[in-house]
Amino acid sequence: MYAGVPGNLVAFACKLSFHRGHDGFVSFLAKLRLIDHHQQTLQAVHVGGHLMVINTTGALKLIDKYFTT
């Protein structure tokens, strides 16, 4: 029932980041056991510890996936 909802929310955050002039960059803290999952599903990059970042390229892919124009 909730499949795709987290990805959609992250895509919205990336879209908002573009609108605010941050080139789609989004960062968040992840649970250690979910780091690999976020890398695969959200195009996130593990920076260290719990910190993950979605860059412009990853943000554009998420926006294209969840927001069709």
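A contact, in these legends, means heavy atoms within 4.5 Å. Everything shown comes from a predicted model, where local features need pLDDT of at least 70 and side-chain atom pairs count only at pLDDT 80 or more, while totals for chains, interfaces and linings use all residues. Residues are numbered from 1 along each chain as its sequence is written, and side-chain values use heavy atoms, with hydrogens and water left out.

**View 1. The largest pocket and its lining**. Here we look at a pocket of about 180 Å³. (A pocket is an open set of points on a 1 Å grid over the protein atoms alone, where a 1.4 Å probe fits, with protein on both sides within 12 Å along at least five of seven lines; lining residues have an atom within 4 Å of a point. Points are joined across faces, edges and corners, and the volume is the space filled by probe spheres set on them.) The residues around this pocket are Gly4, Pro6, Gly7, Val10, His37, His38, Thr41, Leu42, Leu62, Lys65 and Tyr66. Three helices, α1 (5-19), α2 (35-42) and α3 (56-66), each hand over two or more residues to that lining. (Helices are DSSP runs of H or I with at least four residues, strands are E runs of at least two, and both are numbered from the N terminus.) The top contributor is α2, with four residues. Sorted by class, the lining comes out as five nonpolar, five polar and one charged. (Nonpolar covers Ala, Val, Leu, Ile, Met, Phe, Trp, Tyr, Cys and Pro; charged covers Asp, Glu, Lys and Arg; the others, Gly among them, are polar.)

**View 2. Helix α2, with its buried and exposed residues**. Ile35, His38 and Leu42 are the buried ones to look for in α2. Sighting down the helix axis, these buried residues of α2 fit within an arc of 65 degrees, so they line one face of the helix. (Buried means under 20% relative accessible area, exposed over 50%, and partly exposed in between, with a 1.4 Å probe and protein chains only; the arc is taken from the directions between the helix axis and the C-beta atoms.) Turned away from that buried side, the face with Asp36 and Gln40 is exposed. As a reminder of helix geometry, an α-helix has 3.6 residues a turn, so residues three or four places apart point the same way. What do the buried residues of α2 pack against? They pack against α1, β1 (26-29), β2 (45-48), β3 (51-54) and α3.

**View 3. His38 up close, in helix α2**. This histidine counts as buried because its relative accessibility is 14%. Skipping neighbours within four places in sequence, His38 is in contact with Phe28, Ala30, Gln43, Ala44 and Met52. One of those partners, Gln43, sits in the loop between α2 and β2. Gln43 isn't a glycine, yet its phi is positive, about 60 degrees. With a relative accessible area of 33%, Gln43 is partly exposed.

**View 4. Helix α3, its two sides and its start**. Gly58, Ala59, Leu62 and Ile63 are the buried residues of α3. Their arc around the axis is only 135 degrees, which puts them on the same side of α3. Over on the other side, Asp64 and Lys65 are exposed. The buried set of α3 packs against α1, α2 and β3. At the helix start, a side-chain oxygen of Asn55 comes to within 3.3 Å of the backbone nitrogen of Thr57. (That's a polar contact: a pair of N or O atoms within 3.5 Å, one able to donate a hydrogen and the other to accept it, with residues adjacent in sequence counted only if both atoms are side-chain atoms.)

**View 5. Ser17 of helix α1, and Asp23 in the loop that follows**. Ser17 is buried, at a relative accessible area of 6%. Setting aside neighbours within four places in sequence, Ser17 is in contact with His22, Asp23, Gly24, Phe25 and Val26. Asp23 belongs to the loop between α1 and β1, and it has a positive phi, near 55 degrees, in a residue other than glycine. Asp23 counts as partly exposed, at 47% relative accessibility.

**View 6. His46 in strand β2**. Buried, exposed or partly exposed? His46 is partly exposed, at 34% relative accessibility. A polar atom of the His46 side chain lies 2.8 Å from the backbone oxygen of Gly49. Beyond four places in sequence, His46 touches Ile35, Gln39, Leu51 and Met52. His46 and Thr57 are 11 residues apart in sequence, with 15 Å from C-alpha to C-alpha.
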